[in-house]
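Please open the structure in a viewer and keep a selection tool at hand. The stops below proceed from one selection to the next.

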Amino acid sequence: MSLFQNLPLPFLILSFITILCALYVVTSKNPIHSVLALILTFFSISAHYILLNAQFLAIVNLMVYAGAIMVLFLFVLMLLNLDKSSEPVKSNLWGISAAICAGLLLVIITASFQKAGLAVMKSSAVDIGLVKNLGRVLMTEYLVPFELTGILFISAMVGAVLLAKRDNKSEEITS
Amino acid sequence: MNTLSIILGLPLLGFIINGIFGSKIPKSLSGGIGTISVFLSFIFSIMAVPMFIENPEYTIKLDLFTFLSFDTFNLRVAFTLDRLSLWMTLIVTGIGTLIHVYSISYMKEDEGFYKFFAYLNFFIFNMLLLILGSNFIMLFFGWEGVGLCSYLLIGFWYKNAEYGKAARKAFIMNRIGDLGLLLGIFMIIQQFGTLEFTTVFEEINKGTVSVNTLNAIGILLFIGAMGKSAQIPLFTWLPDAMAGPTPVSALIHAATMVTAGIYLVIRCSALYVLSPIANEVIIWTGLSTAIVAALIGLKQNDIKKVLAYSTVSQLGFMFVALGCGAYTTALFHVTTHAFFKALLFLGAGSVIHGMHHEQDIRKMGGLKSKMPITYYTFLIGTLAITGFPFLSGFFSKDEILTIAFNHNIVVYILLVGSALLTGIYMFRLLFVTFYGEYRNQHYAFDKVHESPRLMTLPLMVLAVLSILGGLLNLPHYLQHEGGILQNWLKPIIGLTHSAQHEISFNTEMILVSIAVLVFVTALILTRMRYISRKHIPQEQTPYGVLGIISNKFYFDEIYDFVFVKPFETMSIWLQQVFELKIISKISYGIHDILRFFGGLNKKIQNGNIEYYLMFMVIGVLILLGFNFFN
Amino acid sequence: MLGIFQNIEISHYIYLSCVLFCIGLFGVLFRRNAIILLMCIELMLNSVNLLMAAFTEYMGDQNANGQMFVFFIMVVAAAEAAVGLAILVMVYRNTKKTDVSFLDSLKD
């Protein structure tokens, strides 16, 4: 139950950075700032992954999330040419109620967790997070989901391309 | 195959065939099917007679199924043919056949010909259900069924709204009586736990039931009989029922349906012999009906209405006999009445047919030369009903008078008065219709014609029966071992009130001569008035006592004022005040409330994604919280 | 190196993950810009990823099931981000704004 004793420093610093950046993502008025803050958040989460003996995941997180998805978001932001002035404003009441909801959820989850009690911790082998191990598990046990993700990607790709394609005919009519 | 199933099944089959295919088959076939089904039932009933003669206790039973059963209480669809129901079946199917034959000719031009025969067959079926049922519930089924058929047949020419009203009146008044019948049945269930005749009557004979209960049941059952058999105060439907075709009046309202009440009392004789109060009620009701109806009949000018009131009056006679405990006599009078009243009605139908649908006797006259067969048969019927010596009516009426004399002198005197009135109105009808000069302006005398053979044949058969019907139950002074009917019914009706044994021969002869004297007086009085002085019934309604009688004692008007008008007023009030103001407000109010709440709910669905998200989160919160706190 | 890290307990990671999740939830409810909305959803997904990875470490599982799950969550998140952004671009072309509250044609 004691939260803050025996916390090693790296974890504390990393968590601090993570939460701070997450807060900035949520509250920033400038969307570009939000994106950048999210990238920082991903960096810190990758560091957490390294702490957790999931090295491969850390790198993949950086590559996929911070490298690809966030860049995609940035591209879209640039494309739509948004900046601080076009950000819609919300009423305060709404903000307070949203905060209350989120806070309540936090309270309930942590309370449930406290009620449920802790599980027994076991330590794991050193190299479970390495590519060799993960590759073995992926190709033996999770083969079918692996193939299915291929199909998922293809469909997402096709869908995204079709949706975002500029329709020539409608452009001619409107212009 | 069981005789009963044939007897019951044939009219039902005729009904179904005529009902479904009737419009597609030629009229003669339709009429033939209807007639043959009833005729075959009659034949089968006759074929069953020898077995009943051999064995007095013989019964044929037909037990079909139980349609309701809980604990020890069963309602079975079951039929029993014993001597009493066999006698009634013979009357119903026999006269039914004759009337079917008559109808083939009478209803020839009508489009609804097949419907008529379907309804007639259905009526015979229901009447047989009533008579042959072996428990009160089958009797009740048949009771309601004949009420329904009466409604259908009275309102047969449905395009006329007045006829429809008359049909409804008949049905509703019947229902009022049925309330009494149902209450009586409920009391029987409560007291005996079963509705089977044999069981109930055995229990009664054991003597374990209190007199008060028996009296109450008896009176309640009699109320049902009052409705069906048109006694005061539930008799006003019968004259109005003359709106139906004449064969209907002959069959239903003279010979069969109206005798259902009598049958009920005879069947429950075990109950009535032990209920003195009920008997008194029956006697005085029947007596007052006999007198009032006879008085009204004196002043009616429609052939069928005179005969209708005559029926009511004669039914009163039968109930007096029942009240005095003379069940055999009552059944005897039912039989002879069926013969001559059917004859009279069919004869009236023949007159109406020959006069091209004229029914007012003031517009007739002098028909005896143009319609001889009708005239002679009508004459025989009239003589029978008024008590011409040695015709059927003479014997049956005389027996009733004797029984009344035995019971109570006042009843006897009043009944004699009623018999006098019977003679007067019947002879009045005969003389005004058939004698004198022809008085119709609209229809030439040359066009008046006798009815076709199919109509006159039943008339002749019934005339013979009216003459010879007395042989069925000759009185004690003529047949020492008792009449046929009396001996026939002895096993069933344990205590037949054979008055002849208790009256000395001399008293009997005096009573007989009084009856003959009454007959002669009536004949002379009417002959004087209507033939010698050539009096024609008045066009306008006179005032005073005669005025009251002419207006049927204002029964209809009183009922209208006391029952119908308040009901109508209440209906109108309910509709305008209660319905419009109160109930509408309530139901629209509920509608408005629901609409309001619906409107509130509608605001949740504003299409706003954020709201939806918020509600999703709130939902998850509630679920988790619920889970957490449990 | 692992010596210092053995003081970190699973409960810490659970709390951290929950906090991140709730922050992401707050962002989803609060922000009106569609792109930021999608980003906050990504944040929520990531918090779950963190939790999964923490559990593989602390369950001593040879198969690293949790990390596999993270793998697949990432896959799905990527696909979803791509398609979601495509839809967003479409919507922007039609309505000229990215405000979510204007997408209310499904109301009564």
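Begin by selecting B:Val320 and B:Ala342, the residues with the most contacts inside the largest nonpolar core, which has 189 residues. The model in view is a predicted one. Next, highlight residues 113-132 of chain B: this is helix α4, which gives the most to this core, with 17 residues.

Return to B:Ala342 and display its surroundings. Which residues does B:Ala342 touch, apart from those up to four places away in sequence? They are B:Ile95, B:Ile99, B:Ala250, B:Ala254, B:Ala255 and B:Leu462. A second core, separate from the one just visited, comprises 75 residues, and it includes A:Ala37 and A:Phe73 together with C:Phe21 and C:Cys22.

Remain in chain B and select residues 260-267, which form helix α11. How many of its residues are buried? The count is 8 of 8, and the helix is accordingly described as mostly covered. Label the buried residues of α11(B) in order: B:Ala260, B:Gly261, B:Ile262, B:Tyr263, B:Leu264, B:Val265, B:Ile266 and B:Arg267. Both B:Gly261 and B:Arg267 thus appear in the list of buried residues.

Now bring chains B and C into view together. On the side of chain C, 11 residues are in contact with 10 residues of chain B. Colour the chain C side by residue class: 6 of the residues are nonpolar, 2 are polar and 3 are charged.

Within chain C, select residues 10-30, helix α2, and centre on C:Leu20, which is found there. Is C:Leu20 buried or exposed? C:Leu20 is buried, because 24 other C-beta atoms lie within 10 Å, and 20 or more are required for that class. Setting aside neighbours within four places in sequence, C:Leu20 is in contact with residues of two chains: A:Thr18 and A:Ala22 in chain A, and C:Leu43 and C:Ser47 in chain C. A distance label between the C-alpha atoms of C:Leu20 and C:Leu43 should read 7.4 Å, although 23 residues separate the two along the chain.

The contacts to A:Thr18 and A:Ala22 lead to the last selection, chain A. Colour chain A by secondary structure: 7 helices and 0 strands are present, so the elements read from the N terminus as α-α-α-α-α-α-α. Of the 175 residues of chain A, 25% count as buried. Finally, consider the contacts in chain A between residues at least 6 apart in sequence: 56% of them join residues at least 24 apart.

Key:
Residues numbered from 1 in each chain as written. Chains lettered and ligands numbered in written order. Predicted model: local features only at pLDDT ≥ 70, side-chain atom pairs only at ≥ 80, totals over all residues. Contact = placed C-beta atoms within 7 Å. Nonpolar A, V, L, I, M, F, W, Y, C, P; charged D, E, K, R; others polar. Buried ≥ 20, exposed ≤ 12 C-beta atoms within 10 Å, placed from the backbone. Helix = DSSP H or I, 4+ residues; strand = E, 2+ residues; numbered from the N terminus. Core = buried A, V, L, I, M, F, W, Y, C linked by C-beta atoms within 7 Å.
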